[in-house]
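Work through the exercises below with the structure open. Each task is followed by a solution in steps.

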2 protein chains.
Amino acid sequence: MRTGYQDIKADILDKIRQNLWPPGAYLPGEIELAQSYGCARATVNRAMRDLVDDGVLERKRKAGTRVKAVASQNARFAIPLVREEIEATGATYRYALVERQTRAAPGWLRARVQLDADTQVLELRCMHFADNQPFQLEDRWINLDTIPDARHQSFEAISPNEWLVREVPFSKADLSFAAINATPEMSDFLGAAPQDAVFMAERSTWMDHRNVTHARLYFHRGYRMMAQF
Amino acid sequence: MRTGYQDIKADILDKIRQNLWPPGAYLPGEIELAQSYGCARATVNRAMRDLVDDGVLERKRKAGTRVKAVASQNARFAIPLVREEIEATGATYRYALVERQTRAAPGWLRARVQLDADTQVLELRCMHFADNQPFQLEDRWINLDTIPDARHQSFEAISPNEWLVREVPFSKADLSFAAINATPEMSDFLGAAPQDAVFMAERSTWMDHRNVTHARLYFHRGYRMMAQF
DNA sequence: AACGGGTTTATGTTCAGTCATAACCCGCGC
DNA sequence: GCGCGGGTTATGACTGAACATAAACCCGTT
């Protein structure tokens with residue numbers, strides 16, 4: 001019986017599922033477990049740390065390790081580039097720039113992401129197609145104070161998303177999802193009926209506490225976002 | 001200069017942001033980094049493993065470690081119990097069972113989650129209120145082959161979600177989100193106008209490849225699901 | 001009984017070293 | 001020139017040990 005940390009993880013999960021260690025119960029200490037598995041404490045430690053990461057266990061120094069009372073399941077999902085999401089289905093991706101202008105940041109955006117009153121933004125509207133069917137309408141504002149290079153980018157061939165991912169690697173973002181009724185304008189772009197329910201994602205991206213960009217993504221009718229855990 | 005694994009993580013991220021290690025570039029090997037940081041290889045290893053976990057790096061044995069070319073940002077967010085989500089806002093939570101019946105699994109569900117033709121399910125409809133305002137309408141089907149105990153639960157005081165989390169800890173699930181137009185029935189429950197856009201989450205839960213339950217959650221008008229990474 | 005400080009203890013982190021494993025690479029044989 | 005196999009090497013996993021740290025707990029004082 002090889003006891004790698006993965007085996008230990010599996011065994012702990014088994015014990016939890018068999019209700020030997022019900023939610024809220026304390027597990028034996030690392031030393032004790034290491035003895036019973038016949039491995040080093042570090043190995044048990046790694047297994048348990050992983051399980052904390054997965055949202056299964058809770059640990060506190062001295063107090064010990066317990067099974068999380070409520071399984072606040074940690075869903076974890078990747079937000080791919082639109083292009084990748086489309087190409088993954090086998091469809092042909094097409095991008096189109098609809099509008100592009102430089103302007104002072106609108107009030108709602110200044111409030112939302114804490115910009116100065118005189119911040120200039122590049123405002124873009126783009127469409128993403130899958131097999132020439134409307135897939136996503138993207139409204140985007142790029143902070144020109146933070147990313148001055150964007151001023152000289154036409155964004156006619158490359159989508160702002162894709163350009164930004166290359167230029168501004170690994171920033172923080174916050175993300176929200178909602179359902180809204182299509183405005184007449186949106187339904188024109190997305191080929192939806194007026195009032196159709198539209199899945200919307202809104203994302204703000206930050207680098208060192210400075211806002212980089214804000215985007216509103218409107219998906220085609222019937223879009224489903226999927227995740228698993 | 002203390003070089004804990006967190007300091008190393010931070011330093012690597014800094015270097016990436018400063019474009020010293022652009023996307024796709026290979027990082028120095030663990031041994032080399034350990035020397036330059038003046039720490040053990042295991043410490044560098046842990047920092048790098050963490051960064052893989054965060055979706056920043058890609059590692060392959062022998063090949064080496066590289067900055068992920070596209071930041072397929074791993075959003076990771078917790079799906080809390082409705083009750084907790086509501087109570088976190090300071091509102092008072094109220095639960096109500098609307099309907100409860102045992103029946104053969106409907107065809108669409110059998111197809112969706114691979115059930116036998118004669119599988120019995122417990123079909124439930126519940127409402128969740130925040131400060132007496134409709135918050136979420138829940139349609140749920142519990143597989144009685146997998147969870148026979150559910151047959152004897154009235155679900156009048158405790159929501160099926162909460163009960164299941166206690167009974168069936170740490171199962172796998174897949175999850176999808178969509179926007180739909182409210183049916184007249186849904187708008188009655190949710191206090192929405194007919195045709196209002198409704199945010200819907202659909203979740204299937206599995207234990208050892210057997211389906212446990214399937215749920216459709218319809219949120220109140222204007223609901224926003226939030227995540228960050 | 002309430003409070004405060006010291007002790008104990010379980011986890012957190014790091015270390016140096018070993019073995020395992022995957023994959024690139026180079027050279028041999030054809 | 002091509003394919004195959006072994007050598008090299010970078011990461012992956014594990015060990016046993018040590019020290020750090022936070023917090024629970026005990027105990028003595030007020």
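**Exercises on a predicted model**

**Exercise 1.** Find which part of DNA strand C, sugar or phosphate or else bases, supplies most of the atoms within 4 Å of the protein.

*Solution.* In this predicted model, take the atoms of DNA strand C that lie within 4 Å of the protein: 75% belong to sugar or phosphate, and the rest to bases. Next, list the residues around the strand. There are 20 of them, and the closest are R41(A), R59(A), G4(B), Y5(B) and T43(B). Finally, sort these residues by class: three are nonpolar, seven polar and 10 charged.

**Exercise 2.** Identify the polar contacts that R61(A), K62(A) and R61(B) make with sugar or linking oxygens of DNA strand C.

*Solution.* Start with chain A. A polar side-chain atom of R61(A) is 2.8 Å from a sugar or linking oxygen of the strand. For K62(A), the atom involved is a backbone N or O, at 3.4 Å from such an oxygen. Then turn to chain B, where a polar side-chain atom of R61(B) lies 2.9 Å from a sugar or linking oxygen of DNA strand C.

**Exercise 3.** Determine which element gives the most residues to the surface near DNA strand C.

*Solution.* First collect the elements that supply at least two residues each. Chain A offers helix 3 (41-53), strand 1 (57-60) and strand 2 (64-67), while chain B offers helix 1 (5-17) and helix 3 (41-53). Among these, helix 3 of chain B gives the most, with three residues.

**Exercise 4.** Describe the surroundings of DNA strand D and its polar contacts with Y5(A), T43(A) and R41(B).

*Solution.* Begin with the count: 23 residues surround DNA strand D, and G4(A), T43(A), E30(B), R59(B) and R61(B) are the closest. They divide into four nonpolar, seven polar and 12 charged residues. Then take the phosphate oxygens. One is 3.0 Å from a polar backbone atom of Y5(A), and one is 2.3 Å from a side-chain N or O atom of T43(A). For a base, look at R41(B), whose side chain has an N or O atom 3.0 Å from a base oxygen of the strand. Last, helix 3 of chain A provides the largest share of this surface, four residues.

**Exercise 5.** How are chains A and B related?

*Solution.* Lay chain B on chain A: a turn of 180 degrees and a shift of 0.1 Å along the axis give an RMSD of 0.2 Å. The two copies are therefore related as by a two-fold rotation axis. The same surface serves both copies, since 96% of the contact residues of chain B recur in chain A.

Technical notes:
Residues are numbered from 1 along each chain as its sequence is written. Chains are lettered from A and ligands numbered from 1 in the order in which they are written. This is a predicted model: local features need pLDDT of at least 70, side-chain atom pairs count only at pLDDT 80 or more; totals for chains, interfaces and linings use all residues. Side-chain values use heavy atoms; hydrogens and water are left out. Copies are superposed by least squares on the C-alpha atoms of residues with pLDDT of at least 70 in both. Contact means heavy atoms within 4.5 Å. A residue is near a molecule or strand if one of its heavy atoms lies within 4 Å of it. A polar contact is a pair of N or O atoms within 3.5 Å; within protein, one must be able to donate a hydrogen and the other to accept it, and residues adjacent in sequence count only if both atoms are side-chain atoms. Ala, Val, Leu, Ile, Met, Phe, Trp, Tyr, Cys and Pro count as nonpolar, Asp, Glu, Lys and Arg as charged, and the others, Gly among them, as polar.
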